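Open the model in your viewer and keep the selection tool ready. The stops below go from strands to pockets.

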Amino acid sequence: MTVRTRFAPSPTGYLHIGGARTALFSWLYARKHGGDFILRIEDTDLERSTPESVNAILEGMTWLGLEYDEGPFYQTHRFNRYKVIIDQLLESGHAYKCYCSKERLEKLREEQMARKEKPRYDGHCRPGAEPPSPDAPYVIRFRNPEEGEVVVEDLIRGRVVFRNQELDDLIIQRSDGSPTYNLTVVVDDADMDITHVIRGDDHLNNTPRQINILRALGAEPPVYAHVPMILGADGKRLSKRHGAVSVMQYRDEGYLPEALLNYLVRLGWSHGDQEVFSVDEMIELFDLPDVNKAASTFNPDKLLWLNQHYIKHSDPKHVARHLSHHLGRLGVDPAPEPPLEEVVKAQRERAKTLVEMAENSRFFYCDIDGYDEKAARKNLNAGSRPALAELRERLAGLADWTPEAIHEVVQGVAEVLELKLGKVAQPLRVALAGGPVSPPIDVTAWLVGRERTLARIDAALAYIDAQAT
């Protein structure tokens, strides 16, 4: 048997963290077993589904690297197929037309609530009802078995038993002729030969109903695994009030996709005390029975720690590709010198996010339009002028523009002027970067380049002279 999993989001918003984790678990399980991962867009909610949301989902999947083997399939393209199945269920007696008015159903619900009963359809039209008029509107309901049990052998939650008498006859076609979720998902899972359904545990109560429809169609139900929800730090279900919950928002805030994947896989799953997993390790080690039954708590600080780890330890070329996006958002073109990969190597020890790295790297590509006031007052003054002038002369005559040669110049100036190294390096840093923070000064000057280094020293000397007048 070829394992076939699916991710089936509704395009009524962006790809959120909970959906991304479900997609990741489904993708990992398929990859682990050499199977197929299918993307299905469940867009039957015509009022709320939008093309923008579809694009956001596809963009999020691409950024995370969760490539799908088939799809995306759209439910709105399959309405004819759903109609065929509904007619089949009607003909076989597994479904019936219900003419109950909205008013009758509301009154029934109120009476059941008053008796403290669970609101459910009472089967009024189940025996077969005559339409009150030739053009009377109706819905189609699935005739759920009245006896017996539905047993779900869930790979995460274990054995879950539902009594059929507690399940009412759910609507599978609305009065406007459109199919409902529980019908479309059953038809799609059967037609697409889905073997394992991995989804949020908020769908658990739908599972017995879907299994009964599958059995009515003579189809074998897939294996189910219901993933527990994600909670915010306050113990409530993760939502917009907890901050960034859109996958692409994390990209915009400077996270690497590998960091987010690593964090998501650890939300409810573990392998000993290991915290950092490559994608290959996730595929090798992940298994659904190891997923915790309890809800997981989202910890932004842990995600930030992981992101910093990946920035420091990932291939600089890979980080540079993602950093380029963030420099572009700042209006910086990173195509000219210095090579972006070298900037990453210089900056990766001091950045927790790519946004932070991009902001701290602007001076490598853009002219300085001013100095940090406090840093300039301390480092660009009459006392530092001789050191900067000496640096300017020696750097101009440097044969090889390398970090090692630049370091020797800075150290030589400090020795000649009998100054501590910081009294030479820090004025040069402020002259080159505009502020008090940069990579090591020899690497900073090397990356800025000879011509711009000399030009920025000249500008700093002019600034000092202007302040003195």
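Start with Arg 40, and then add Phe 73 in strand S3, which stands opposite Arg 40. Bear in mind throughout that this is a predicted model.

**Stop 1: a parallel pair**

Widen the selection to residues 36-41, strand S2, and residues 70-74, strand S3. These two strands pair in the parallel sense, over three bridges. Now add residues 51-64, which are helix H2. The chain leaves S2, passes through H2 and arrives at S3, and this β-α-β crossover is right-handed.

**Stop 2: an open sheet**

Next, select the three strands that form an open sheet in the order S4-S5-S8. Their pairing is antiparallel. Which strands are at the edges? They are S4 (95-98) and S8 (171-173), and each pairs on one side only. From one strand to the next, the twist averages 45°.

Stay with S5 (residues 139-142) and S8, which pair in the antiparallel sense over two bridges. Select Arg 141 and look across to S8: Ile 171 stands opposite. Keep both residues in mind, as they return at the last stop.

**Stop 3: the largest pocket**

Select His 16, Gly 18, Gly 19, Asp 202 and Arg 237. Among the 38 residues that line the largest pocket, these lie nearest its centre. The volume of this pocket is about 1100 Å³.

Now colour strand S1 (4-7), helix H1 (17-32) and strand S9 (196-200). Each of them supplies at least two residues of the lining. Which element has the largest share of the lining? H1 does, with five residues. If you colour the lining by class, you will find 15 nonpolar, 13 polar and ten charged residues.

**Stop 4: the second largest pocket**

The second largest pocket has a volume of about 380 Å³. Select Leu 105, Tyr 121, Arg 141, Asp 168 and Ile 171, which are the closest to its centre of the 19 lining residues. Arg 141 and Ile 171 are the opposite residues from the second stop.

Two elements give two or more residues to this lining: helix H4 (102-114) and S5. H4 gives the most, with five residues. Colour this lining by class as well: seven residues are nonpolar, four are polar and eight are charged.

Methods: Residues are numbered from 1 along each chain as its sequence is written. This is a predicted model: local features need pLDDT of at least 70, side-chain atom pairs count only at pLDDT 80 or more; totals for chains, interfaces and linings use all residues. Side-chain values use heavy atoms; hydrogens and water are left out. Two strands pair if DSSP finds at least two bridges between them. Helices (H or I, at least four residues) and strands (E, at least two) are DSSP runs, numbered from the N terminus. A crossover is right-handed if, with the strands pointing away from the viewer, the path from the first strand over the helix to the second runs clockwise. Axes are lines fitted to C-alpha atoms, for helices over the stretch in contact, and angles run from 0 to 180 degrees between N-to-C directions. On a 1 Å grid over the protein atoms alone, a cavity is a set of points where a 1.4 Å probe fits but cannot get out, and a pocket is an open set with protein on both sides within 12 Å along at least five of seven lines; lining residues have an atom within 4 Å of a point. Grid points are joined across faces, edges and corners, and a volume is the space filled by probe spheres set on the points. Ala, Val, Leu, Ile, Met, Phe, Trp, Tyr, Cys and Pro count as nonpolar, Asp, Glu, Lys and Arg as charged, and the others, Gly among them, as polar.
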